[in-house]
Amino acid sequence: MTVKGIDTKDKHILNLAKIVGGARSILYHKEDLLAYDCDAFTVHKHLPRTVVFPKNTQEVSQLVKYCSDHQLPFLARGAGTGLSGGAIPINNEVIISLVRMKKLVSVDLENRRAVVEPGFINLKLTNSISDKGYYYAPDPSSQYCCTIGGNVAENAGGAHCLKYGVTTNHILGLEVVLPNGDIIEVGGNGIPDMPGYDLLGLLTGSEGTLGIVTKITVRILKNPESKKTVLAYFDSVADGSQAVSDIISAGIVPAALEMMDKVAIEGVEAAAFPVGHPKDIAAFLLIEVDGISAGIDEQINLILEVCKKRNVRQVRAAKDEAERERWWANRKTGFGAMGAISPDYLVQDGVIPRSKLPEVLSRIEEISQESGLRIANIFHAGDGNLHPLVLFDARIPGETEKAIEAGSACLQVCADAGGTITGEHGVGIEKREEMRFVFKDEEIIAQTNIREVFNPDNLLNAGKLFPTPGRCAEVKKEMKEAVHS
């Protein structure tokens, strides 16, 4: 058996190539596969068996059926911007890349919804409808390149999730290819209180372990009538942290309430979009309010007063839209900017109650000192979603392991404070074992039982999201024996 333009004797690669239309839609040479050996979690790297590029739902279904029939491990991949290793082919998988499925299928302004394919870029949706006065709210920092399909898999958040919620709050319906190749549709396109189980909620954030999303119906919003942004500098992280709680306690719900500490500020000022933050500042808050014009100035004035009561060094509103955009560009490059001050970095993603910010940030500083590694903090302060970035040099023996340990310690602090181990980046392979910080064995088993209903052969993105076999497997066996006895 041969396929024109393909020089391999691997029958599975040849058959997969036929499904997607030949050599132009498949990669299998090692030099090509290297680009797919990890996502944005670069600590672990594994080569896939092959990468295929379907053009539509039917081709995805056929690929999945072939893999299922021949017991080939497989997974879906979008732009590869995920930060927890969810798209790393740890089992030599067939990667089903969805980047060619990138259409804006339809826009329904009357009902405020749009339908996109999974490879459609997040920011492109807002850009496509902004001239009509609408936008798509979820705005992860990687929104200029991440895909909406990937956002659904990870239930991505963003700077404005404090007021508008994360991806799941904006998903109305999904078309999904199940691990056996069947195609289903879930959700009621915005119809409230649909009967039956909430499969839409279950699939959103399932990290590609239950099915492959091939079409997404999203909620779009009318542009706010007005928005204003405030920048506040503090000489102590504790004062900035307390100001966060004070703003919310004052009855204000900002669209966004972001914070960076001194190390993070050093990074963004050394990178592409410096704005002149003081070099000796301990932390800053970036606060945005939006809504109808009446009342916006009153909210801004109240925010200014709250900050002044917390020993703010300087606080002011953006003088115009250009300055506001510069401030946000500076913030949105935060993760990538760490490359300007460190050869490598590891991003963490814990969540805590807002009231615990001062003590948790203090403990993270202690972890930094104990490990000998600098930790930069960039986070969605308003909803307690922390992003400690552990800076290290992988060229130094032992530093990678030290960074991983420091990151895990940060997540333990979040869990101990009544929080959890991820707010928007997902678990993937990075935080599998840390799931034990927040779930008992019986709770993990209940969730893996759900996975087995959808994915009984465990061929789809195996080894992600839940801990490796151990006590969980023993408990599961005990539970089965108890049922049969």
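Two strands are said to pair if DSSP finds at least two bridges between them. With that in hand, a good place to enter this predicted model is the hairpin of E5 and E6, where four residues lie between the strands and Arg112 takes a positive phi near 55°. Strand E5 covers residues 104-108 and strand E6 covers residues 113-116; the two run antiparallel and are joined by four bridges. Within this pair, Leu104 of E5 stands opposite Val116 in E6.

From E6 the pairing can be followed onward to E10. Four bridges link E6 with E10, again in antiparallel fashion, and Val116, already met as the residue facing Leu104, has Ile216 as its bridge partner in E10. Strand E10, made of residues 212-219, is in turn joined to E8 by six bridges, and these two strands run antiparallel as well. Two of the pairings between them can be picked out: Glu175 has Lys215 as its bridge partner in E10, and Ile171 is placed opposite Val218 of E10.

Strand E8 spans residues 171-177 and is mostly covered, with seven of its seven residues buried. The next step leads from E8 to E9, a strand of residues 183-186 that runs antiparallel to E8 and is held to it by four bridges. Here Leu174 finds its bridge partner in Val186 of E9. The hairpin of E8 and E9 has five residues between the strands, and Gly181 in this hairpin adopts a positive phi near 100°.

Put together, these pairings give an open sheet of five strands in the order E5-E6-E10-E8-E9, with antiparallel pairing. E5 and E9 stand at the edges with a single partner strand each, so one side of each has no neighbour in the sheet. On average, and with direction ignored, neighbouring strands of this sheet are turned by 10° against each other. As general background, strands of a sheet pair through backbone hydrogen bonds, either parallel or antiparallel.

Which helix packs on the sheet by touching E8, E9 and E10? That helix is H3, residues 57-69, and its direction makes about 45° with that of E8. Helix H4, formed by residues 122-129, lies across E5, E6 and E10 and runs at about 45° to E5. Strand E10 thus appears in the list of strands for H3 and in the list for H4.

Elsewhere in the model, helices pack against one another, and H13 is a useful guide. Helix H8 (residues 237-249) and helix H13 (residues 357-371) have axes that come within 9 Å and cross at roughly 145°. This crossing is right-handed. On the H8 side the contact involves Val237, Ser241, Gln242 and Val244, and these meet Leu357, Pro358 and Leu361 of H13. Sorted by class, the residues of this contact are five nonpolar and two polar, with no charged residue.

H13 also packs with helix H14, residues 399-416, at an angle of about 160° and with the axes 10 Å apart. At that angle H13 is roughly antiparallel to H14, because angles over 145 degrees count as roughly antiparallel. The crossing of H13 and H14 is right-handed. H13 contributes Val360, Arg363, Ile364, Ile367 and Ser371 to the contact, while H14 contributes Lys402, Ala406, Ala409, Cys410 and Val413. This contact of H13 with H14 has seven nonpolar residues, one polar residue and two charged residues.

Two loop residues deserve a look for their backbone angles. Gln71 has a phi near 55°, a positive value in a residue other than glycine. The loop that holds Gln71 connects H3 to strand E3 (74-77). Is Gln71 buried or partly exposed? With a relative accessible area of 44%, Gln71 is partly exposed.

Asn155 likewise is not a glycine, and has a positive phi of about 50°. Asn155 sits in the loop between helix H5 (148-154) and helix H6 (161-164). At 19% relative accessibility Asn155 counts as buried, because the limit for that class is under 20%.

Definitions and conventions: Residues numbered from 1 in each chain as written. Predicted model: local features only at pLDDT ≥ 70, side-chain atom pairs only at ≥ 80, totals over all residues. Heavy atoms only, no water. Axes fitted to C-alpha atoms, helices over the stretch in contact; angles between N-to-C directions. Left-handed = near helix turned anticlockwise from the far one by under 90°. Contact = heavy atoms within 4.5 Å. Nonpolar A, V, L, I, M, F, W, Y, C, P; charged D, E, K, R; others polar. Parallel < 35°, antiparallel > 145°, perpendicular 65-115°, else oblique. Buried < 20%, exposed > 50% of the residue type's maximum accessible area, 1.4 Å probe, protein only.
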